[in-house]
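Work through the exercises below with the sequence and the model open. Each task is followed by a solution in steps.

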There are 2 protein chains.
Amino acid sequence: MPVLVMKFGGTSVATLDRIRRAAKRVGVEVSKGYDVIVIVSAMSGKTNELVGWVNETSPLYDAREYDAVVSSGENVTAGLMALTLQEMDIPARSWQGWQVPVKTTAAHSSARIEEIPPANIMSKFGEGMKVAVVAGFQGVSPEGRITTLGRGGSDTTAVAFAAAFEAERCDIYTDVDGVYTTDPRVSAKARKLDKIAFEEMLELASLGAKVLQTRSVELAMRYKVKLRVLSSFEEQSDEAGTLVCDEEEIMESNVVSGIAFSRDEAKMTLVSVADRPGIAAAIFTALSEGGVNVDMIVQNISEEGRTDMTWSCPVDQTKRAEKAMDEAKAAGTINFNELIADTDVAKVSVVGIGMRSHTGVAAKMFQVLSNEGINIKVITTSEIKISVLIDRKYMELAVQALHDAFELDKAA
Amino acid sequence: MPVLVMKFGGTSVATLDRIRRAAKRVGVEVSKGYDVIVIVSAMSGKTNELVGWVNETSPLYDAREYDAVVSSGENVTAGLMALTLQEMDIPARSWQGWQVPVKTTAAHSSARIEEIPPANIMSKFGEGMKVAVVAGFQGVSPEGRITTLGRGGSDTTAVAFAAAFEAERCDIYTDVDGVYTTDPRVSAKARKLDKIAFEEMLELASLGAKVLQTRSVELAMRYKVKLRVLSSFEEQSDEAGTLVCDEEEIMESNVVSGIAFSRDEAKMTLVSVADRPGIAAAIFTALSEGGVNVDMIVQNISEEGRTDMTWSCPVDQTKRAEKAMDEAKAAGTINFNELIADTDVAKVSVVGIGMRSHTGVAAKMFQVLSNEGINIKVITTSEIKISVLIDRKYMELAVQALHDAFELDKAA
């Protein structure tokens, strides 16, 4: 039998009714002849409740105990889903991470999956079980302790199972009906994509289109797992949602696939840094150790042995960045005149595999922004993405103008 | 290091504050030099919530999935307790049933513990761990699936650990401060017992003094585990609560230790049964298969080949009993004239190891009831217990009069 992996997130299993609705979807796939592996999250709200208890009990908690507590939410859903399927006369059973086993590293609370031996579940499929319901987000360490993969880890669990079982597809059921060209709340013309390449999805995900966890997309790309994102709240056909796949499978596509954005950015500039080999390493090591997630980095040319260094980071990390730089200056490891923070910026990005073979995308993007009178503060580019920092008040305008200019409301 | 087992029930770990209070008690024992095994229940209310979900999902649920879901409550408490102890700088870690492992039979939802190999936990004690926090009520089947021991099973877990680790004592922390000569709500003169014999505790427990689960007392008796019941809501000394122990350890005791009672009983009489060898087996097999828990049984002498058969059972099972008897009559397996149900009776029992060596207890009991004008409907006796059925309205009066007559308000 071909294997299908179906993953249901927290909102899709938030109540017993929703679990029943999800189980019906599973039943549809079973009736098509699939052996199905269902990956479930905790009922929405449950994980937050458990995390809250752990934090209140022990602010600097032992991550091994955090994992033991927090993983229990998924176990509850897995059992309830198995029972629901059994009520529909579908042979099903639940599996906790250690039972499969989902072997992970010992990096508690952010463990990585190392191996999922398919033998146990496959032998049950051989005995007539039609659905294996697996608690997502969890595994077991080499020492036999429970691990978790970090928030959103159930997506990663789903893709890892799809890879290990050579599943025909991995369907991610969530509360949105697919991946859009941009956030429909920002542009009414946003259009759902039928297909998107892994690389594009990665850029969109890490830029704030929080449909799929980044790690799960990386994993799907590496193991060529066909990933489909679709809504658990609508009747679904085989063509519903958005298929995230290898670019070869996308015959026709726009040069630009989507416009991503991130609202709460800050631009920070270290003015007149004493330039020397290793200075960039010194600065960004200090920021990293200070807990600052640096995104864009720009270095101006050096004059008379001094340079300016600019970076962007989440706006709520500017205080940490200032502290890290002040301490580095006091310690004598970095010499600079001042640190300027611009906390009123947003990032807008144009993403598309097609850029690789099409020139002029950057020029067109800058022209569109210029036509709207929007000043560009920082630019960075990658092979399939161009990002700019602009004043936050222009963010919606920029997204809408770019969406129009690249005709994203029209299919390729 | 000597090992101590401490068990905290649901009300003793109902909130993070109560978990902290329980952890402080654990800290006191650690400071005395014990290696401590803490057995925890789910936070009160949690198990009922989970059971409710299972029942709503699947009324005739797969007990394996029931166990997978319901066991999660204890896992949460175990992790939170370990974190709380760590916050107090006490080296602690949590253990789920499968991690110890607590090996049980595969009788899901009512599994029996078969073996608890102490090696894993002992090796951690050897490495400096002071407290092993174990999720109660659960284990793992030979097939590697999660099992539960049935409601109240955490007491059994605690005693089984005390036996396996040859613990010096097993302290059961609960919401009462010990075992009383009778229910203080019925007699204001009820006195807390310092010590009680296993056999007496068994009679009191099964008669409704719901302090300890019956199975846990049986297990403690078999393995000679010293069991102490005490309150988690009071400051405790080494002599607090009630010690349940071998009768040899009780130097002085009253002939009668306590007065137990059960309010909601029914007395049923099968009138003019055709008597023949095997008729009792036929009747009580039919009742058992009909889901009736028969307690007392009395058979009158047989006259002219017919006899009357009387039994008692919980009052809410009389309909089931009538159905079972009607069906047996229709099937021709039992022949009788009529079935009379008296649903207004209560059971009162006098319990005491001392009865073995003292005569006259029964006579005194009957005289006391007679003096109060209370008619006795059924009598049964065992080696250490005399039980009577009386009209329910006299129950409190009977308990108080017997408590006075046997001078249970005074220590031996």
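**Exercise 1. Describe how β3(B) is joined to β6(B), then place both in their sheet.**

Step 1. β3(B) and β6(B), the latter covering residues 131-135, run parallel and are joined by 4 bridges. Strands here are DSSP runs of E with at least two residues, helices are runs of H or I with at least four, and both are numbered from the N terminus. Two strands pair if DSSP finds at least two bridges between them.

Step 2. Within this pair, A92(B) stands opposite V131(B) of β6(B).

Step 3. The sheet is open, has 8 strands with mixed pairing, and follows the order β3-β6-β2-β1-β9-β11-β12-β10 in chain B. Its edges are β3 (92-95) and β10 (195-197) of chain B, each pairing on one side only.

A note on the model: it is predicted, so that local features need pLDDT of at least 70 and side-chain atom pairs count only at pLDDT 80 or more, while totals for chains, interfaces and linings use all residues. Residues are numbered from 1 along each chain as its sequence is written, and chains are lettered from A and ligands numbered from 1 in the order in which they are written.

**Exercise 2. Analyse the side of chain B that touches chain A.**

Step 1. Count the residues: 28 of chain B are in contact with 28 of chain A. Contact requires C-beta atoms, placed from the backbone, within 7 Å.

Step 2. Find the helices: α2 (46-57), α3 (63-70) and α4 (72-87) of chain B each supply at least two residues to this side. α4(B) gives the most, with 11 residues.

Step 3. Sort by type: 13 are nonpolar, 10 polar and 5 charged. Ala, Val, Leu, Ile, Met, Phe, Trp, Tyr, Cys and Pro count as nonpolar, Asp, Glu, Lys and Arg as charged, and the others, Gly among them, as polar.

**Exercise 3. Which rotation superposes chain B on chain A?**

Step 1. A rotation of 180 degrees, with 0.0 Å of shift along its axis, does so at an RMSD of 0.1 Å. The fit is by least squares on C-alpha atoms of residues with pLDDT of at least 70 in both copies.

Step 2. This is the relation of a two-fold axis. In chain B, the C-alpha nearest the axis belongs to S72(B), 2.7 Å away.

Step 3. Both copies use the same surface, as 96% of the contact residues of chain B recur in chain A.

Note on methods
Two residues are in contact if their C-beta atoms, placed from the backbone, lie within 7 Å.
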